[in-house]
Number of protein chains: 2
Amino acid sequence: MDIEDLATDEKIKYVQDTLFVVSGKWKLPILIAISQGSERFRDIQRSVPPITTRVLSKELKDLEQNKLVRRTVYDTSPVVVEYTVSPYCKSLKPLVDEMIKWGVNHRKKVTES
Amino acid sequence: MDIEDLATDEKIKYVQDTLFVVSGKWKLPILIAISQGSERFRDIQRSVPPITTRVLSKELKDLEQNKLVRRTVYDTSPVVVEYTVSPYCKSLKPLVDEMIKWGVNHRKKVTES
DNA sequence: CTGTATCCATGATGATACTG
DNA sequence: CAGTATCATCATGGATACAG
């Protein structure tokens with residue numbers, strides 16, 4: 001599919017979808033924390049301060065729903081829950097790289113006198 | 001500059017910067033409206049419904065501050081104000097294209113059973 | 001026409017406590 | 001440990017009126 005064929009409205013809609021998935025204060029930091037080895041709820045919370053349990057819980061649910069994070073429950077006692085980033089998560093890389101590049105360049109641009 | 005050399009924290013910071021500039025319901029639709037020829041405040045408002053004057057005013061200020069939009073006041077009577085997209089605005093294209101691509105793909109992904 | 005000011009509803013977030 | 005529940009707070013956005 002060639003994105004140039006999309007109508008303007010459609011383009012906007014897809015952009016909004018994408019923004020919705022990665023926007024906010026926490027989504028990317030959480031993904032990074034998990035991918036760097038914090039797989040338990042409590043670990044993630046410690047790695048991404050100062051996030052509260054309430055917010056972390058919600059964010060993890062969003063990420064799971066978007067298939068970027070997988071949640072596995074081990075039926076031990078006490079229960080162990082493990083979060084991992086999905087393979088699909090890698091598909092974000094080109095996008096995130098573009099965001100970094102643009103952000104770097106933009107900082108230069110707006111601080112120019 | 002190679003973005004791979006950046007520390008994780010720096011990457012996150014730049015991503016957040018970028019998100020801040022383009023996020024929200026209105027920023028992209030406004031840019032598109034202007035670039036498609038709606039150069040007056042009232043025209044833009046009509047092209048991007050149902051935005052209120054209050055919100056449009058604020059969004060335009062943000063965009064101007066980020067140098068994506070230029071505001072020109074003509075000293076006529078009554079005053080005419082013209083908004084145009086800056087040349088710099090074009091630098092968003094690779095990013096926006098990535099967002100569209102990811103959004104298209106993501107929709108397929110999440111609607112998979 | 002181009003906004004600003006005011007008031008209000010809503011949702012997001014934080015703090016804290018509590019459950020299994 | 002892994003969350004949920006509740007309450008307070010705050011930022012955002014909409015509706016409306018109005019000023020230059």
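Select residues 12-111 of chain A: the UniProt annotation, from an unreviewed entry, marks this span as "domain: HTH hxlR-type". The model is predicted. With the span highlighted, place a distance between its end C-alpha atoms, which lie 29 Å apart. Coloured by secondary structure, residues 12-111 of chain A are 59% helix and 12% strand.

Next, widen the selection to the whole of chain A. Five helices and two strands are found there. Follow the cartoon along the sequence and the elements come in the pattern α-α-α-α-β-β-α. The two strands of that pattern thus follow four helices, and a helix comes after them.

Stay with chain A and turn to its overall dimensions. Along the principal axes, the C-alpha atoms fill a box of roughly 55 × 40 × 20 Å. The radius of gyration of chain A is 17 Å, whereas a compact globule of 113 residues would have one near 13 Å. Among contacts in chain A with a separation of 6 or more, 40% are between residues 24 or more positions apart.

Now switch on the surface of chain A. Its accessible area comes to about 6,600 Å², and carbon and sulfur atoms account for 52% of this. Of the 113 residues in the chain, 42% are buried. Colour by charge: chain A carries 19 positive and 16 negative charges, and the mean positions of the two sets are 8 Å apart.

For a single side chain, select Lys61(A). Which helix holds Lys61(A)? Lys61(A) sits in H4 of chain A, residues 53-65. Is Lys61(A) buried or exposed? Its relative accessibility is 55%, and exposed means over 50%, so Lys61(A) counts as exposed. Add Arg71(A), 10 residues away along the chain; the C-alpha atoms of Lys61(A) and Arg71(A) are separated by 9.1 Å.

Move to chain B and select residues 27-35, helix H2. Seven of the nine residues in H2(B) are buried, so this helix is largely enclosed by the rest of the structure. To see which ones, show Lys27(B), Leu28(B), Pro29(B), Ile30(B), Leu31(B), Ala33(B) and Ile34(B) as sticks. A lysine, Lys27(B), is among these buried residues. While the helix is in view, recall that an α-helix has 3.6 residues a turn, so residues three or four places apart point the same way.

End the tour at Gly37(B), which follows H2(B). The phi angle of Gly37(B) is positive, near 110°.

Conventions: Residues are numbered from 1 along each chain as its sequence is written. Chains are lettered from A and ligands numbered from 1 in the order in which they are written. This is a predicted model: local features need pLDDT of at least 70, side-chain atom pairs count only at pLDDT 80 or more; totals for chains, interfaces and linings use all residues. Side-chain values use heavy atoms; hydrogens and water are left out. UniProt positions are given in the numbering used here, feature names are shortened, and annotations may be inferred rather than shown by experiment. The radius of gyration is taken over C-alpha atoms; the globule rule is 2.2 Å times the number of residues to the power 0.38. Buried means under 20% relative accessible area, exposed over 50%, partly exposed in between (1.4 Å probe, protein chains only). Contact means heavy atoms within 4.5 Å. Accessible areas come from the Shrake-Rupley method with a 1.4 Å probe; for residues, only the protein chains shown count as cover. Lys and Arg count as positive and Asp and Glu as negative; His and the chain ends are not counted. The place of a charge is taken as NZ of Lys, CZ of Arg, CG of Asp or CD of Glu.
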